[in-house]
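Work through the following exercises with the model open. Each task is followed by a solution in steps.

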Amino acid sequence: MLNDHLPLRYWARLLPILLMTLIFFLNVQGQQQLTVTGEVKSTGGEPLAGASVSIKGTSSGVLTNAQGVFSISCQSNSTLVFSFSGFEPQERLVSSTNNWNIQLENSESVLGEVVVTALGIQKQAKALSYAAQKVAGTELTKVPQTNLVNALSGKVAGITINRSAAGLGGSVKVLLRGSKSAAGNNQPLYVVDGVPLLNFTRETVNSTGTMIDQGDGISNLNPDDIESMSILKGASAASLYGSQAANGVILITTKKGKAGVSKIDVSSGLTVDAVAYTPKLQNHYGQTAPGSPESWGAPISTSYDNISDFFQKGNTWINSISFSSGTEKTQTYLSYANTSANGIVQGNSMGRHNFNFRESSWFLNNKLKLEGNVNLITQTVDNNPIFGYQSGPLSGLYAFPRGIDMTQYKENFEVFDPVRNLYVQNWPFIAVENQNPYWVINRNLYKNKRFRTISNIIARYDINDWMNVQIRGNMDRTNDYNTAKYYVGTVAAYAGTNGRYNVSDITTTQLYGDALLNMNKKFNDIQLNVTLGSSITDSRNSGESLASNDMYIPNVFTIPNMSKGQNTSFGEISEQHQQLQAVFGNINLSYKDWLYFDITGRNDWSSNLSFTPNGSYFYPSGGLSVLLDQLLNLPQFVNMLKVRGSYAVVGNTVPVYVTNPLNYLTSTGDISFNNTAPFTDLKPEKNRSLELGAEFKLLQGRFGGDVTWYKSNSINQFFPVIVPPGTGYSKRFINGGDIQNSGIEVTLAFSPIVEKNFSWVTGINFARNKSLIKKLAPEVSQFVITDDINNYSSILKVGGRYGDIYAPILKRDEKTGQVYVNDDGTPVLQSGGRQLVGNASPDFRLGWKNSISYKWLSFDLLLDGSFGGKVMSITEQMLDGYGVSEATGKARDEGGLTINGIRQSDNTPVTKVDTEKWYKIVGGRQHVTGEYMYDATTMRIREAALSVTIPQSVLKAPFIKNIRLSLIGRNLAYLYKKAPYDPELTYSTGNGYSGVDVFSLPATRSFGCSLNVSF
């Protein structure tokens, strides 16, 4: 019956569907079902495990296995899409061929070199409007260092690195394009994976008498965890980090797991450190008299080398292992490193453990990325040497009277005191600056324990294919527990009558968070990149400190044994809390890949500027770069030619708690009344920077270079001035000043030989920086950075340079240069106080790096030099005063000191004077330090490494990818050095004491070997 069938109108609706179904069925039947197999590799031939192989237009797909092999069923005429993180995707049309070898090209090789910039944002190098130099992580580990920053020496133009003379665990002073702030910090900001690192220096400076360096923050990191470092030297490059980055930024990118790659890397390195030099001493004249600490005595026939017996061979073991693996969805990186080192002084050792875990995962159809990282660090440093002329071991060692064997004081550095029933120091002359060096290293004991946690989490969500939002949080917490024990028998100024015990427990915490909105959109020929964000940095420093040189029971170093007398201080370290909030933005426009325009703006709110109307401050930057090779018809040998320019203004906040100083409780419970006037109109420092540059690549990239000129002016400096009596205060602060730095930087790279089995790559970097004090404040004629009791000053004056050294000098005839002497042969001092005698800053720096490889062998050599500048040696001055220096011996051998002099009373020429009389006036402590200035020029063989790499094809062990064995060396030889010490070593990493040596540890040469195995 008709009613039992579908109505006609329904058949009319179903007919098109039935026809389409029939056509699809017939079409499918006409297509051939195929199984396509093959391999997916990188252009270097490395299998890409976990690469995606999908059928375009469908949700069907597979992943490659550990060997990069895939197998997928599809129809003929289908299109397969091959993709892998970090590589350009590739499409292939399926045909009758069903066995493919796919090679994916690295994204960087397609887009050009990628550089990590501020906030961790990746940009193409050709788009940058400022100088940014990239250093691969392998450069930091080729010759292992306990402080990774030392490995940058000689490799980067425009960076000045001075190592602390403290040896193991010591800090590093880093300057990018000179010092800019008179009273503030001049070191760069360190940023790890986009997050500012808490870098602090714990050092105690008691003039040139005592210096204790307990290390900095950057030295805690494991160099084997670092993928690369980018050095952003100018204000334009670092402007997005605001006032924290007024002195430049060193960006550190750490390693992470990679999709499809599973590997284990094991490295082990051993270096042996030997003393490179010691002071030159005389061996002809002995002790002045029995019991005297000086050597102005009669000639001697026997001499002893007491110095070489004191120093030992240092050694450093650095072992690390890392595991990394990943898929397209999840990547993992896990590492552990152990550093074990012994210094060149007995008892000085360091042990450090680094644990690092990093995990990245994608969710919500690859739109949400979550990333977490935890870095745990424990470090213990025993007996980090004290230097300076007081309390350290070297003053007593170097000044020990000539002709006397120190063995008896070495083997019996302590003797039993029956009266006190304890052991005391065995030494014929005990003074603050002259103690038994073996007693000092055995009975003045220091221990620094550090536990550090660095953790961060990142969430990034891709809103669409051109916009994403990212939230990031970080906690960096460091706890330092330090103790110092001075046994009875140490000079009473330090140990009292029953010994001294110092304890400090300090915790420093930095919390950081930011939120970023990133947009990347193309409009015809214009590419637009926008970043908008906000950040907050919250820092706290707190703890407790106890010190007593009045113990109840001698040599019992516990807190309950501290007496409660006036020589004991118990107190809470004043908590320092500061916070910096900011909003910022960056817009980058490019036109047809030849014109790039970049503009940034940032506004900071600093808690350090509370109680002033200037708590909020804004600063902009702008830059332009033009790729002339894309715009002009240049010769074929020109592969890239770019010119660029940028201008930026960056603020720099002031120290904490200076705008509204308050009274506070001292460690003894007394009230300390504030004597500094509030600074309610204080302004932040500002740095105005202009930079122009050019980059080029020629001959298919075999020859390239970068030339940069820059000028920066730091204004609104922070100066203290004396307040007239009757105001209730003794000083106040004002703004003023203009410190200018200008210079040029050049880097050149050339590959003279590039063959299959042989290559040679060489590079040169050159930098020249000149500082000028253009202006100080109206009420400030000079600003004293350092005023030391030992006649050393570092002073800023208009027309001078940052780091100028002032000291007393001898009076000389202005025309002939002859030294004026008195009738008794003693020198006449120049009136008018301390005079300008030099500046430690070099005229220019030069580095030359070479890498040569032949088949399995490679050789790396780095030479560098610092040319010009003057440095001071108070060590040499005091040794002259003691009569132990080589100069005093030679003068006595010649019957007196030869000088070009003139008698002041009658202008009679004088060529010989009494050696002892002369050096008693000029040499010795607190005397004429200006006569002890030396040329700071040095040239050295910085690094050398000879390596052999055995590939997997030779090893024939499927689980070992390669083995590299290297012979390594650092600071192998001085090609030129006139100063009696290494001018690269610094007494302090602060603003003062640059270019001065005061019984610092000698520099060392390092030799060793390293082994790297990849599985």
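**Exercise 1.** In this predicted model, determine how many bridges join strand 11 to strand 53, and whether the two strands run parallel or antiparallel.

Solution.
- Step 1. Strand 11 covers residues 159-164, and strand 53 covers residues 985-986.
- Step 2. Strand 11 and strand 53 run parallel and are joined by two bridges.
- Step 3. To place the contact, take Arg163, whose bridge partner in strand 53 is Leu985.
- Step 4. Now add strand 12: the order 12-11-53 describes an open sheet of three strands, and its pairing is mixed.
- Step 5. Strand 12 (172-176) and strand 53 each have a single partner strand, so each stands at an edge with one side left without a neighbour in the sheet.

**Exercise 2.** Find which elements give two or more residues to the lining of the second largest cavity, and describe that lining.

Solution.
- Step 1. The structure holds 13 cavities of 30 Å³ or more. The second largest has a volume of about 590 Å³.
- Step 2. This cavity is lined by 33 residues, and the closest to its centre are Thr146, Arg163, Gly167, Asp273 and Thr1004. Arg163 is also the residue bridged to Leu985 in Exercise 1.
- Step 3. The elements sought are strand 11, strand 19 (263-275), strand 51 (938-951), strand 52 (962-977) and strand 55 (1004-1014).
- Step 4. By residue class, the lining divides into 16 polar, eleven nonpolar and six charged residues.

**Exercise 3.** Identify which strand gives the most residues to the nonpolar patch on the surface.

Solution.
- Step 1. List the members: Phe523, Ile526, Ile587, Leu589, Tyr591, Phe597, Ile599 and Leu624. Together they have about 640 Å² of accessible area.
- Step 2. Assign them to elements. Strand 30 (568-591) and strand 31 (595-606) each supply at least two residues, while Leu624 is found in strand 32 (residues 616-627).
- Step 3. The strand that gives the most is strand 30, with three residues.

**Exercise 4.** State which residue forms a salt bridge with Glu371, and where the two partners lie.

Solution.
- Step 1. The structure holds 41 salt bridges.
- Step 2. In one of these, Glu371 pairs with Arg358, and the closest N and O atoms are 2.5 Å apart. The cut-off for a salt bridge is 4 Å.
- Step 3. Glu371 is in strand 23 (residues 368-382) and Arg358 in strand 22 (residues 349-363), with their positions 13 residues apart in numbering, that is, 13 residues apart.

Notes. Residues are numbered from 1 along each chain as its sequence is written. This is a predicted model: local features need pLDDT of at least 70, side-chain atom pairs count only at pLDDT 80 or more; totals for chains, interfaces and linings use all residues. Side-chain values use heavy atoms; hydrogens and water are left out. On a 1 Å grid over the protein atoms alone, a cavity is a set of points where a 1.4 Å probe fits but cannot get out, and a pocket is an open set with protein on both sides within 12 Å along at least five of seven lines; lining residues have an atom within 4 Å of a point. Grid points are joined across faces, edges and corners, and a volume is the space filled by probe spheres set on the points. Helices (H or I, at least four residues) and strands (E, at least two) are DSSP runs, numbered from the N terminus. Ala, Val, Leu, Ile, Met, Phe, Trp, Tyr, Cys and Pro count as nonpolar, Asp, Glu, Lys and Arg as charged, and the others, Gly among them, as polar. Two strands pair if DSSP finds at least two bridges between them. Patches are made of residues with over 30% relative accessible area and no salt bridge: like charges are joined within 9 Å, nonpolar side chains (Val, Leu, Ile, Met, Phe, Trp, Tyr) within 5 Å. Accessible areas come from the Shrake-Rupley method with a 1.4 Å probe; for residues, only the protein chains shown count as cover. A salt bridge is a side-chain nitrogen of Lys or Arg within 4 Å of a carboxyl oxygen of Asp or Glu.
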